[in-house]
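Work through the exercises below with the sequence and the model open. Each task is followed by a solution in steps.

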Amino acid sequence: MLNQYVAKKSVAILLALTSMVFFSVAALATDSAIEGLLESNRNIEGEFRQVTYGEQGKQLQVSEGIFLLASPSQFVWDSVTPFAQRIISDGKTITVWDVDLEQATQKPFAGAVGNSPAALLGRPAAEVLPHYTVTELGTEKFRLAPKGEQDLFQHLTLSFRDGVISAMSILDALGQTTVIEFNNVEAHDGVAKENFVIDLPDHVDVIIEGQ
């Protein structure tokens with residue numbers, strides 16, 4: 001049950017992250033600073049450390065691993081500790097593979113995003129901007145707060161260092177805060193689509209949602 005909860009939590013966080021990275025520049029044209037930063041971080045890879053805190057500040061979960069992002073809406077999020085888990089999107093389907101449990105869940109990307117910001121990918125700026133309030137908190141630091149009452153998080157903070165994404169903090173609807181630190185981040189000019197195709201072993205139990 002814990003693994004399933006963490007998996008759902010990780011997917012929601014990752015969708016929020018990728019939606020910020022993949023957001024169209026036009027949708028953020030009202031803020032030229034974050035526009036340039038997001039544009040330069042659309043295709044990146046590196047390492048992450050993710051810590052989730054309860055409403056009272058107690059540490060609930062820590063995970064570490066590597067990630068790969070590539071537009072449009074393609075990503076690999078490999079958690080190495082505390083247990084092996086792979087979350088992969090080819091832009092159409094998201095697969096969450098709990099390696100130790102020998103179980104994987106696949107769902108359409110469009111259905112998985114729900115009411116998260118990722119659901120707004122590709123929509124005209126006139127439709128996107130009214131749903132969010134973007135605030136510049138300091139040098140290379142921004143807060144995005146959804147205006148809708150049914151959103152998955154209260155606000156998300158993005159931090160950059162010398163033009164490279166360095167951290168993200170999410171306060172969710174339950175009052176839990178998840179902090180992700182990004183390390184050894186490097187840009188790439190594009191990677192093969194095979195990186196986002198997962199070949200599950202025959203012994204893995206696959207659950208397909210949305211069919």
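**Exercise 1. Find which residues Ser 166 touches, leaving out those up to four places away in sequence.**

Step 1. Contact is taken as heavy atoms within 4.5 Å. By that rule Ser 166 touches Ser 159, Phe 160, Arg 161, Ile 180, Glu 181 and Phe 182.

Step 2. Ser 166 itself belongs to strand S10. Strands (E, at least two residues) and helices (H or I, at least four) are DSSP runs, numbered from the N terminus.

Step 3. Ser 166 counts as buried because its relative accessibility is 9%. The classes are buried under 20% relative accessible area, exposed over 50% and partly exposed in between, with a 1.4 Å probe and protein chains only.

A note on the source: this is a predicted model, in which local features need pLDDT of at least 70 and side-chain atom pairs count only at pLDDT 80 or more, while totals for chains, interfaces and linings use all residues. Residues are numbered from 1 along each chain as its sequence is written, and side-chain values use heavy atoms, with hydrogens and water left out.

**Exercise 2. Describe the largest nonpolar core and state which element gives it the largest share.**

Step 1. A nonpolar core is a set of buried Ala, Val, Leu, Ile, Met, Phe, Trp, Tyr and Cys residues joined through side-chain atoms within 4.5 Å. The largest one has 24 residues, and those touching the most other members are Phe 67, Trp 77, Leu 158, Phe 160, Met 168 and Phe 182.

Step 2. Elements that give two or more residues to this core include helix H2 (32-39), strand S1 (44-53), strand S2 (59-70) and strand S3 (74-81). Strands S5 (93-98), S9 (153-161), S10 (164-172) and S11 (177-187) are also among them.

Step 3. S9 supplies the largest share, four residues.

Step 4. A second core of 10 residues is separate, and Ala 70, Val 76, Phe 196 and Val 204 are among its members.

**Exercise 3. Classify the ring pairs that Trp 77 makes with Phe 48 and Phe 67.**

Step 1. Rings of Phe, Tyr and Trp (its six-membered ring) pair if their centres lie within 6.5 Å; planes under 30 degrees apart are stacked, over 60 edge-to-face, and the rest tilted. The count by this rule is three aromatic pairs.

Step 2. Phe 48 and Trp 77 have ring centres 4.0 Å apart and planes at 20°, so this pair is stacked. With Phe 48 in strand S1 and Trp 77 in strand S3, the pair ties together parts 29 residues apart in sequence. Both Phe 48 and Trp 77 are buried.

Step 3. For Phe 67 and Trp 77 the centres are 5.9 Å apart and the planes at 35°, so this pair is tilted. Phe 67 lies in strand S2, and the pair ties together parts 10 residues apart in sequence.

Step 4. Ring pairs join Phe 48, Phe 67, Trp 77 and Phe 182 into a cluster.

**Exercise 4. List the salt bridges and give the N to O distance of each.**

Step 1. A salt bridge is a side-chain nitrogen of Lys or Arg within 4 Å of a carboxyl oxygen of Asp or Glu. The structure holds three.

Step 2. Arg 49 pairs with Glu 64, with the closest N and O atoms 3.3 Å apart. This pair links strand S1 to strand S2, 15 residues apart. Arg 49 is partly exposed at 31% relative accessibility, and Glu 64 is partly exposed at 36%.

Step 3. Arg 86 pairs with Asp 78, at 2.6 Å between the closest N and O atoms. Arg 86 is partly exposed at 27%, whereas Asp 78 is buried at 14%.

Step 4. Glu 209 pairs with Lys 107, the closest N and O atoms being 3.5 Å apart. Glu 209 lies in the segment after strand S12 (205-208) and Lys 107 in strand S6 (residues 103-108), so parts 102 residues apart in sequence are tied together.

**Exercise 5. State where confidence is lowest and where it is highest.**

Step 1. pLDDT is the predictor's confidence in each residue, from 0 to 100. The protein averages 78, and 72% of the residues score at least 70.

Step 2. Confidence is lowest in helix H4 (residues 125-128), at a mean of 46, and highest in S11, at 94.

Step 3. Over residues 22-30 the pLDDT is below 50, and over residues 114-126 it stays under 50.
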